[in-house]
Amino acid sequence: MIVLKQVLILVLSAAVGYFLCKAGKLDSQHARLLSALQVYVFLPCTMYNTYSTHFTPAYIREKYVLLLTSAGLLLVVLLVSFPLSRLLSDKPYIRSVYQYSLTVSNYGGFGFPFIEGVYGSLMLQNAMLFSLPVSLYTYTVGYARLTKTPFSLKRLLNPVMTAILLGAIVGLTGLQLPDFLTGAVGKFAACMAPVGMLTVGMVISEFDIPSLFKNKKNYLIVALRLIIIPFGAAGLLKLLKLEESIIPALMLYAMPCGMNTVIFPRLVGEDCETGASLTLISSLFACLSIPLCFAVFAG
């Protein structure tokens, strides 16, 4: 019930954004502004806040295995997602959306708040360290594919990765920032989850809801995203006796489809209907699948 409560809080945030737009109180075009705030302010502050608090030399010596395990697991998921996306669509951009959705979940807007709410801040740090390889993929290959821009390592010089680096430096060195800066970062970080889900709800309001449920292939992507991939990942880690990585892995791979299939296309004016459909369907089914995954592997 604790797990389900956290899931429902996040789904409710998306519902608020949706109904405010439908009632004419908000304009769905404002979602682009909220997307920018999420990418450039709220998520970086969350990353900085957690890394600066927990990222210490002792922590790295103890937890480096999480990073290695995550990189290996990401490679396995990529080897599965690329051929599957080619089988499911002959349209290059839809393939990119499918492949990204299979590889990257909504771990930033959904997973991090969920893990912190259920397991606390130290497990959140484990989850953030575990998510680092996927973050690198998201802001390089993932961004390039969803925005139809050339791949560039310069994308690593983005607010999220910069915040991680600065937070790591502060955590490792023990530097103390002025209280007003620390307080401001904490306030911005608290906006990440609700604003992210509000954005999703606002974007979904642009579409005819019944039409978002019509594509049968999207249900297959959601089933892979919510059941097959997390069960496979957690089962593999259990087989390899890497139990400490199971909860971070479930945070990374058992969450709904990533919001970037809505946020990144919206930033550059690309179509985001498929992303909106996957986000809506997977967020609804996640109310059942996430408690199931955590009950089986982390009960």
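In this predicted model, the place to begin is with the salt bridges, of which the structure holds two. Select Lys 63 and Glu 62 together, and you will find a salt bridge between them, with their closest N and O atoms 3.8 Å apart. Although these two residues are partners, Glu 62 counts as exposed, at 54% relative accessibility, whereas Lys 63 is buried, with a relative accessible area of 10%; the cut-off for calling a residue buried is under 20%.

Keep Lys 63 selected and add Glu 244, which also forms a salt bridge with Lys 63, the closest N and O atoms here being 2.2 Å apart. Which parts of the chain does this pair tie together? Lys 63 belongs to helix α3 and Glu 244 to the loop between α11 and α12, so the salt bridge links parts that are 181 residues apart in sequence. With Glu 62, Lys 63 and Glu 244 all displayed, you can see one network, joined by salt bridges that share partners. Glu 244 itself counts as partly exposed, at 45% relative accessibility.

Stay in the loop between α11 (216-239) and α12 (246-253) and select Lys 241, which lies there as well. The backbone deserves a look at this point, since phi of Lys 241 is near 60°, a positive value in a residue other than glycine. Is Lys 241 buried or exposed? With a relative accessible area of 66%, Lys 241 is exposed, the cut-off for that word being over 50%.

Next, return to helix α3, this time selecting the whole of residues 57-88, and add helix α4, residues 92-103. Two packed helices are described by the angle between their axes and by the distance between those axes. For this pair, the axes come within 8 Å and cross at roughly 150°, which makes α3 roughly antiparallel to α4, because angles over 145 degrees are counted that way. If you turn the view to follow one helix over the other, the way in which α3 passes α4 is a right-handed crossing.

Finally, show the surface and select Leu 12, Val 16, Leu 20 and Leu 26, which make a nonpolar surface patch of about 300 Å². To place one member of this patch on the fold, color helix α1, residues 2-22, where Leu 12 is found. How accessible is Leu 12? Its relative accessibility is 54%, and Leu 12 therefore counts as exposed.

Definitions and conventions. Residues are numbered from 1 along each chain as its sequence is written. This is a predicted model: local features need pLDDT of at least 70, side-chain atom pairs count only at pLDDT 80 or more; totals for chains, interfaces and linings use all residues. Side-chain values use heavy atoms; hydrogens and water are left out. Patches are made of residues with over 30% relative accessible area and no salt bridge: like charges are joined within 9 Å, nonpolar side chains (Val, Leu, Ile, Met, Phe, Trp, Tyr) within 5 Å. Accessible areas come from the Shrake-Rupley method with a 1.4 Å probe; for residues, only the protein chains shown count as cover. A salt bridge is a side-chain nitrogen of Lys or Arg within 4 Å of a carboxyl oxygen of Asp or Glu. Helices (H or I, at least four residues) and strands (E, at least two) are DSSP runs, numbered from the N terminus. Buried means under 20% relative accessible area, exposed over 50%, partly exposed in between (1.4 Å probe, protein chains only). Axes are lines fitted to C-alpha atoms, for helices over the stretch in contact, and angles run from 0 to 180 degrees between N-to-C directions. Angles under 35 degrees count as roughly parallel, over 145 as roughly antiparallel, 65 to 115 as roughly perpendicular and the rest as oblique. A crossing is left-handed if the near helix is turned anticlockwise from the far one by less than a right angle, and right-handed if clockwise.
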